[in-house]
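Q: Could you take me through one part of this model up close? I would like to follow how a pair of helices meets and what lies around the place where they touch.

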Amino acid sequence: MTNAFTDWLTQLPRQTLGHWPTPLVLLPRLSAELGGPRIWLKRDDCSGLATGGNKTRKLEYLLGAALAQGTDTIVTYGAVQSNHARQTAAACASVGLQCHLILSQRVDWPYPAYNSQGNVFLDSLLGAHVHQCEVADTEMTRTKLLAQLEDQGARVYEIPAGGSAPLGALGYANCVLELAQQTEQLGIQPKTVLHASASCGTQTGLVYASERLQCDWQVLGINVYHPDPATLVARITSLLEKIGETYPDQALAKIPDIHVNHAYMGSAYGQPTEAGLKAIRWVAGLEGVLFDPVYSGKALAALIDQIDLGNFSHTDDVILIHTGGVASLAAYVDAFK
């Protein structure tokens, strides 16, 4: 697939970090059990970077820009069990950049494994400098760290939480290109592409490129982060507008409707739900695929419930994007007891 849009994407600075394209695979046993549409899984958990995940796509453009500017140090942000932080640490290790992670105690999970296992363990193993703090102290920690790095003569490039900047969101334009090619090769015409939505960059990129390529599917984000789903819609809209401001020749003619489902988040971000844990156990034993309780497991639970409710009876095929997160399973071992 080659057009002016894809040509433009290929001209942007990009540091290859992942294994592309990620597979699009059928989940035949789950599909048969539910008796609804065929369920296809876009395996962005197989993207690479220390157990993979969706942030790899964003980091390719963000590190591409950082390296083009002569950066030697990356600073980024997230919760203690941030998948983005782990992938950033791996990306920096692979290209020889110093990496600083400011991780805030954003999740009230009262088990010791949360602060020592899973992603936070891998962060240190990958050579990142980890700075844990309370949420209220994040800006103070950032200010102090940036001052120290400036004194050391570091050339710093900051990446927002989740890599969710306009440039980072373009990583998911490439995912849409892959899906368009894969669905054509498979001869399927899905009406919905569903995924866990939190820091907004993934859904922004999916919506943006789906509009640019006039894909005949709806992008449905399962809110797993924002107490008010309107915040998620507003942030995605803002990122789409900023893409247009940054790249006027590539702007959307109009901002489309943003589709978000808020019914599956549970009590708060980072808090497992019974439906999510049940879905993780079920599909692990049924398909041999692992999901996590913070992001992908909640999206999986949403898909299962929506099929049970008959809300996908209008289509023969539906796509679930596996955004990764499996590394956090060790941190949530107490949830499965």
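A: Happily; here is a walk through the contact of H3 with H8, followed by the core beside it and then helix H11.

First, a word on the source: this is a predicted model, so local features need pLDDT of at least 70, side-chain atom pairs count only at pLDDT 80 or more, and totals for chains, interfaces and linings use all residues. Residues are numbered from 1 along each chain as its sequence is written, and side-chain values use heavy atoms, with hydrogens and water left out.

Helices here are DSSP runs (H or I, at least four residues), as are strands (E, at least two), numbered from the N terminus. Helix H3 covers residues 55–68 and helix H8 residues 171–186; their axes come within 7 Å and cross at roughly 125 degrees. Those axes are lines fitted to C-alpha atoms over the stretch in contact, with angles from 0 to 180 degrees between N-to-C directions. H3 and H8 are therefore oblique to each other, the word for angles that are not under 35 degrees (roughly parallel), over 145 (roughly antiparallel) or 65 to 115 (roughly perpendicular).

On the H3 side, Arg57, Lys58 and Tyr61 meet Gly171, Tyr172, Asn174, Cys175 and Glu178 of H8, where contact means heavy atoms within 4.5 Å. By class, this contact has three nonpolar, two polar and three charged residues; Tyr and Cys count as nonpolar, Glu, Lys and Arg as charged, and Gly as polar.

Tyr61 and Asn174 also turn up in the surroundings of Leu9: beyond its neighbours within four places in sequence, Leu9 is in contact with Tyr61, Leu170, Ala173, Asn174 and Leu177. In the largest nonpolar core, which has 99 residues, Leu9 and Leu170 touch the most other members. Such a core is a set of buried Ala, Val, Leu, Ile, Met, Phe, Trp, Tyr and Cys residues joined through side-chain atoms within 4.5 Å, and buried means under 20% relative accessible area, with exposed over 50% and partly exposed in between (1.4 Å probe, protein chains only). Helix H12 (residues 296–308) gives the most to this core, with seven residues.

H12 also has a part in the packing of helix H11 (residues 274–287). The buried residues of H11 are Gly276, Leu277, Ala279, Ile280, Val283, Leu286 and Glu287, and they pack against helix H2 (28–34) as well as H12. Just after H11, Gly288 takes a positive phi of about 70 degrees.
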